[in-house]
Amino acid sequence: SVAATGSLFYAIVVHTALAWAAEETHPSEAKSALRAALQFATERKVWRQTVWVVEVGARLVVADGNPEMAARLLGTCEYLRRTGDNLMPAWDVATYAETRSRVAAGVGQRFDDLLAEGADWTLDEAIDRLAAALAAD
């Protein structure tokens with residue numbers, strides 16, 4: 001139903017927003033909120049929202065000191081956006097550009113190569129690798 005879809009989207013947005021808000025001051029809470037968003041989105045098989053959660057995950061992963069993994073996650077998401085029906089929400093463009101810049105700065109000249117590696121991952125592989133990164137504290 002439309003109400004259920006709206007509630008689902010709202011739950012994913014709330015958890016993701018909590019992850020953003022806590023990113024710098026409370027990283028363990030940010031990871032917890034994003035784990036909940038990732039679980040919620042994947043269990044319900046809402047792939048557009050899952051791609052978005054993986055993008056936000058890249059932001060947390062780079063802040064956690066793993067820009068290589070973050071670049072690969074972005075590579076997966078960018079590939080899925082180019083080849084599928086996964087358009088980026090207009091309200092996410094500026095945040096995504098900032099995340100992409102942070103990741104690029106963290107990996108330097110390897111950025112394009114790491115994006116290409118991530119583009120070879122399936123969404124399930126990206127989900128599994130993000131989940132493992134979020135589990136590490």
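**Group meeting: helix packing in a predicted all-helix chain**

Leaving aside neighbours within four places in sequence, Arg72 is in contact, meaning heavy atoms within 4.5 Å, with Arg110, Leu114, Glu117, Gly118 and Trp121. Arg72 itself lies in helix α4, where helices are DSSP runs of H or I of at least four residues, strands are runs of E of at least two, and both are numbered from the N terminus. Its relative accessible area is 18%, so Arg72 is buried, given that buried means under 20%, exposed over 50% and partly exposed in between, with a 1.4 Å probe and protein chains only.

Before going further, I should say that this is a predicted model, in which local features need pLDDT of at least 70 and side-chain atom pairs count only at pLDDT 80 or more, while totals for chains, interfaces and linings use all residues. Residues are numbered from 1 along each chain as its sequence is written, and side-chain values use heavy atoms, with hydrogens and water left out.

On confidence, the mean pLDDT of the chain is 82, with 77% of its residues at 70 or more; pLDDT is the predictor's confidence in each residue, from 0 to 100. Among the elements, helix α6 (residues 111-119) has the highest mean value, 98, and helix α1 (residues 2-22) the lowest, 55. Over residues 1-5 the pLDDT is below 50, and this stretch has zero contacts in the model beyond near neighbours in sequence.

As for the overall layout, the chain has seven helices and zero strands. Of its 137 residues, 45% are buried, and of the contacts with a separation of 6 or more, 70% are between residues 24 or more positions apart.

Let me now turn to helix α5 (residues 93-107), beginning with its packing against helix α3 (residues 47-63), where the angle is about 40 degrees and the axes are 10 Å apart. Here the axes are lines fitted to C-alpha atoms, for helices over the stretch in contact, and angles run from 0 to 180 degrees between N-to-C directions. The two helices α3 and α5 are therefore oblique to each other, since angles under 35 degrees count as roughly parallel, over 145 as roughly antiparallel, 65 to 115 as roughly perpendicular and the rest as oblique. From α3, Glu55, Ala58, Arg59 and Val62 meet a set of α5 residues that includes Tyr96, Arg102 and Val103. By class, this contact of α3 with α5 has four nonpolar, two polar and four charged residues, where Ala, Val, Leu, Ile, Met, Phe, Trp, Tyr, Cys and Pro count as nonpolar, Asp, Glu, Lys and Arg as charged, and the others, Gly among them, as polar.

Helix α4 (residues 67-83) also packs with α5, at an angle of about 135 degrees and with the axes 9 Å apart, so α4 and α5 are oblique to each other. On the α4 side the residues include Glu68, Ala71 and Leu74, and on the α5 side they include Tyr96, Arg100 and Val103.

Which residues does Phe111 touch, not counting those up to four places away in sequence? Phe111, placed in helix α6, touches Ala71, Arg100, Val103 and Ala104. With a relative accessible area of 7%, Phe111 is buried, and its C-alpha is 8.1 Å from that of Glu68, although 43 residues separate the two in sequence.

Finally, Lys45 lies in the loop between α2 (27-43) and α3. Lys45 has a positive phi of about 55 degrees although it is not a glycine, and at 57% relative accessibility Lys45 counts as exposed.
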